[in-house]
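Grab a coffee and work through a few short exercises on charged side chains. Each task comes with a solution in steps, so try it yourself before reading on.

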Amino acid sequence: MEENKTEQQQINIELPEELAEGIYSNLAIISHSPQEFVIDFIRLVPGVPKAKVKARVVVTPEHAKRLMKALVDNIKRYEQQFGHIDDKEPPIMPMSFGPPAQA
């Protein structure tokens with residue numbers, strides 16, 4: 001009887017030096033269309049009324065769902081190791097994205 005084996009392909013991932021430090025973000029805004037999810041990572045600074053998007057990641061709906069599952073799994077493991085993460089809601093801030101749209 002032949003055994004079904006799934007070969008795992010090894011992927012060599014390169015992290016360029018200019019990205020290795022990462023970007024700090026304390027706000028993420030997520031929007032979507034039928035074809036993609038857009039995640040904008042923003043850094044808000046207290047007392048500064050303007051904030052810029054520091055990074056934008058565009059993914060397929062399928063990848064967004066895999067990302068969500070990976071985050072849930074990693075948060076569970078984090079809390080097992082370091083304790084509960086306080087998830088109280090941050091204060092709601094009014095936001096605007098550039099000038100208002102005109103027809």
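Asp73 counts as partly exposed, at 37% relative accessibility; that label covers anything between buried (under 20% relative accessible area) and exposed (over 50%), with a 1.4 Å probe and protein chains only. Keep in mind that this is a predicted model, where local features need pLDDT of at least 70, side-chain atom pairs count only at pLDDT 80 or more, and totals for chains, interfaces and linings use all residues. Residues are numbered from 1 along each chain as its sequence is written, and side-chain values use heavy atoms, with hydrogens and water left out.

**Exercise 1.** Work out which side chain meets Asp73 in a salt bridge.

Step 1: Get the criterion straight: a side-chain nitrogen of Lys or Arg has to sit within 4 Å of a carboxyl oxygen of Asp or Glu.
Step 2: Look for the partner, and you land on Arg77, at 3.1 Å from N to O.
Step 3: Place the pair. Both belong to helix H2 (residues 61-82), and because they are four residues apart there, about one helical turn separates them. Helices here are DSSP runs of H or I with at least four residues, strands are E runs of at least two, and both are numbered from the N terminus.
Step 4: Check Arg77 for exposure: its relative accessible area is 46%, so Arg77 is partly exposed.

**Exercise 2.** The structure holds two salt bridges; find the one made by Arg56 and say what it ties together.

Step 1: The side chain of Arg56 meets that of Asp40, with 2.6 Å from N to O.
Step 2: Arg56 sits in strand E3 and Asp40 in strand E2, so this pair links parts that are 16 residues apart in sequence.
Step 3: Now compare the two ends. Arg56 is exposed, at 57% relative accessibility, whereas Asp40 is buried, at 6%.

**Exercise 3.** Find the residues that gather with Lys50 in a patch of positive charge on the surface.

Step 1: Learn the rule: patch members have over 30% relative accessible area and no salt bridge, and like charges are joined within 9 Å.
Step 2: Lys50 is exposed, with a relative accessible area of 65%, and lies in the loop between strand E2 (37-42) and strand E3 (53-59).
Step 3: Its companions in the patch are Arg43, Lys52 and Lys54.

**Exercise 4.** Put the elements of the chain in order.

Step 1: Count them: two helices and three strands.
Step 2: Read from the N terminus, and you get α-β-β-β-α.
Step 3: Add the burial figure: buried residues make up 7% of the 103 residues in the chain.

Note on methods:
Patches are made of residues with over 30% relative accessible area and no salt bridge: like charges are joined within 9 Å, nonpolar side chains (Val, Leu, Ile, Met, Phe, Trp, Tyr) within 5 Å. Accessible areas come from the Shrake-Rupley method with a 1.4 Å probe; for residues, only the protein chains shown count as cover. Lys and Arg count as positive and Asp and Glu as negative; His and the chain ends are not counted. The place of a charge is taken as NZ of Lys, CZ of Arg, CG of Asp or CD of Glu.
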